[in-house]
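The report that follows looks at how side chains are arranged in one protein model, moving from charged pairs to nonpolar packing and then to a single helix. Please read it with the sequence and the coordinates at hand.

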Amino acid sequence: MDIYNTSVLQGVFPDQLKRSIVVPIPKVSPPQTIEDDLRPISLTAQVSKVMEGFMLHVQSLMSEVGLKLDPKQFALPGKSTTQALVYLLHLVHAALDQGHCSVRIFFADFKKGFDLVDHNVIIDELLKLQDWNGRIKFVDDATALEIVPRCSPSLLPILVNDVSQYASSRGMKLNSKKCKEMTISFLQYHLPLDNAIYIDGSPVQSVSSFKLLGVLLREDLSWCDHVDYVIKKANSRLYALRKLKKAGLSDKDLVTIYSSFIRSRI
């Protein structure tokens, strides 16, 4: 407790508690390059996590900041990825139900967002919130949506360029390989969107399906891909459950394992 109180009073976090064990986790199998295909997972000291928890609850800091942030920022306590997905899909369905338009979505991903962001920029953003009693939670991906009227040009490439420049000015960079775009349209007659999106000269790939916040979205708004994904994951765990049952595990333990590893995925 003395370490925590002294750290808060002096505004200094002990260097020893900043040390961590970094474990590289492959993003793809097999990984081809260290820079792009490995995700560094840092295991920090338990004391550091306890101190962080104290800071998040002191004087309801996060709730104070939440009142000053954009209400469409969902990376805050009390909000969830489910709310973010519902909000996005509501906008899409509401626009398409009106007819005479299509929806173009840009899925952004920042390259090593947490590692490259300039800490001085974060401090400046905190100062704009009037005092140090606030904390902003940054995420390394975002989604931009544009409603394109029939036979009208898309302005999304201009928006993406602005986002890229904004990120560059803060020491961050969009990952052109992981950024994707998807067009949702049910118009029988419409002009193709021929103005491609570019990031640093590299074209952004257009996809028919994209995994956003754990949910697979399709350009036809069907749930076929996501249902298949969930069933595949559940089946792989059911195999392990059958093996445990043959090994003589009690029904109570089997239910616990089912609730933890299978039902939580459905």
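In this predicted model, D220 is partly exposed, its relative accessible area being 33%. R218, with a relative accessible area of 24%, is likewise classed as partly exposed, and the side chains of D220 and R218 meet in a salt bridge with an N to O distance of 2.9 Å. Together with D225, these residues are linked in a network of salt bridges.

**Salt bridges**

The structure holds four salt bridges in total, and three of them are listed below with their N to O distances.

| Salt bridge | N to O distance |
|---|---|
| E181 and R104 | 2.7 Å |
| D220 and R218 | 2.9 Å |
| D109 and K178 | 4.0 Å |

The pair of E181 and R104 links distant parts of the chain, since E181 belongs to strand 5 and R104 to strand 3, with their positions 77 residues apart in sequence. Both partners are buried: E181 has a relative accessible area of 5%, while R104 has a relative accessibility of 1%. A value under 20% is what counts as buried.

The salt bridge of D109 and K178 joins strand 3, where D109 lies, to the loop between helix 8 and strand 5, where K178 is found, so this pair ties together parts that are 69 residues apart in sequence. Here the partners fall into separate classes, because D109, at 11% relative accessibility, counts as buried, whereas K178, at 32%, counts as partly exposed.

**Aromatic pair and nonpolar cores**

How many aromatic pairs does a search of the whole structure find? The search finds one. The ring centres of F107 and F210 are 4.1 Å apart and the planes meet at 10°, so the pair is stacked; planes under 30 degrees apart are counted in that class. Because F107 lies in strand 3 (residues 101-109) and F210 in strand 9 (residues 209-212), the pair ties together parts of the chain that are 103 residues apart in sequence. Both F107 and F210 are buried.

The largest nonpolar core has 18 residues, and V92, V103, I184, L212 and L217 are those with the most contacts inside it. At least two residues of this core come from each of helix 5 (81-98), strand 3, strand 5 (180-184), strand 9 and strand 10 (215-218), and helix 5 gives the most, with six residues. When neighbours within four places in sequence are left aside, L217 is in contact with L88, L89, M182, S208, S209, F210, L212 and W223. Apart from the largest core lies another core, which has 13 residues, including A108, F110, M172 and V204.

**Helix 8**

Helix 8 (residues 156-168) has 13 residues, which at 1.5 Å a residue should span 18 Å, and its end C-alpha atoms are indeed 18 Å apart, so the expected and computed values agree. Which residues of helix 8 are buried? They are L156, P157, V160, S164 and A167. Seen down the axis of helix 8, these buried residues fall within an arc of 100°, and therefore they line one face of the helix. On the other side of helix 8, I158 and Q165 are exposed.

Note on methods. Residues numbered from 1 in each chain as written. Predicted model: local features only at pLDDT ≥ 70, side-chain atom pairs only at ≥ 80, totals over all residues. Heavy atoms only, no water. Phe/Tyr/Trp six-rings, centres within 6.5 Å; stacked < 30°, edge-to-face > 60°. Helix = DSSP H or I, 4+ residues; strand = E, 2+ residues; numbered from the N terminus. Buried < 20%, exposed > 50% of the residue type's maximum accessible area, 1.4 Å probe, protein only. Core = buried A, V, L, I, M, F, W, Y, C linked by side-chain atoms within 4.5 Å. Contact = heavy atoms within 4.5 Å. Expected span 1.5 Å × (residues − 1). Arc of directions from axis to C-beta.
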